[in-house]
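Colleague: I should like to go through this model with you and hear the reasoning behind each label. May we begin with the cysteines?

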Amino acid sequence: MALEVVATKNGPFLLTGDLSQLDLRDGDGNLYDFAGKSRIFLCRCGASTTKPFCDGQHSKIGFQAAEAAVASGG
């Protein structure tokens, strides 16, 4: 199953699918382990205390984001 990324309404990025195909590394280059997980939520508001993962802070700070896909200009 392919990976899918969805920008949730005024919330995190939702990643679903075969997470074994995902190489997500911390600042030291260490891979995160997603064994047994079929979805993760990545912060996009910048307020999470568990970055890069969402901890729900977006709802506390009133984060507003655009979800509609915008056509590329090129």
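Modeller: Certainly. The sulfur of C54 lies 6.2 Å from the closest cysteine sulfur, which belongs to C43, and this is too far for a bond. Please bear in mind that the model is predicted.

Colleague: What makes 6.2 Å too far for a bond between C54 and C43?

Modeller: A disulfide is a covalent bond between the sulfur atoms of two cysteines. The cut-off for such a pair is within 2.5 Å. The value for C54 and C43 is 6.2 Å, so this pair does not qualify.

Colleague: How do you know that C43 is not bonded to C45?

Modeller: The closest cysteine sulfur to that of C43 is in C45, at 3.9 Å. The limit is 2.5 Å, and therefore this pair also fails. The structure holds 0 disulfides.

Colleague: Why is C43 called buried, and why is C54 called partly exposed?

Modeller: C43 has a relative accessible area of 18%. Buried means under 20%, so C43 is buried. C54 has a relative accessible area of 24%. This value falls between 20% and 50%, and therefore C54 is partly exposed.

Colleague: Which residues line the largest cavity?

Modeller: The lining includes C43, C45 and C54, together with G11, P12 and H58 among others. The lining residues divide into 4 nonpolar, 5 polar and 2 charged. The volume of this cavity is about 40 Å³.

Colleague: What makes this space count as a cavity of 30 Å³ or more?

Modeller: Rolling a probe the size of a water molecule over the atoms shows where empty space is left. A cavity is a space where the probe fits but cannot get out. With a volume of about 40 Å³, the largest cavity meets the limit of 30 Å³ or more, and the count comes to 1.

Colleague: Why is N10 called partly exposed?

Modeller: Its relative accessibility is 21%. Buried would require a value under 20%, and exposed a value over 50%, so N10 counts as partly exposed. N10 is found in the loop between β1 and β2.

Colleague: What is notable about the phi of N10?

Modeller: Phi of N10 is near 50°, a positive value in a residue other than glycine. Most residues other than glycine have a negative phi.

Colleague: Finally, which residues does the cis peptide bond join?

Modeller: The cis bond joins K51 and P52, with omega of about 10°. P52 has its place in the loop between β3 and α1. Most peptide bonds are trans.

Methods
Residues numbered from 1 in each chain as written. Predicted model: local features only at pLDDT ≥ 70, side-chain atom pairs only at ≥ 80, totals over all residues. Heavy atoms only, no water. 1 Å grid on protein atoms, 1.4 Å probe; cavity = no way out; pocket = protein on both sides within 12 Å on 5 of 7 lines; lining within 4 Å. Points joined across faces, edges and corners; volume = space filled by probe spheres on them. Nonpolar A, V, L, I, M, F, W, Y, C, P; charged D, E, K, R; others polar. Buried < 20%, exposed > 50% of the residue type's maximum accessible area, 1.4 Å probe, protein only. Helix = DSSP H or I, 4+ residues; strand = E, 2+ residues; numbered from the N terminus.
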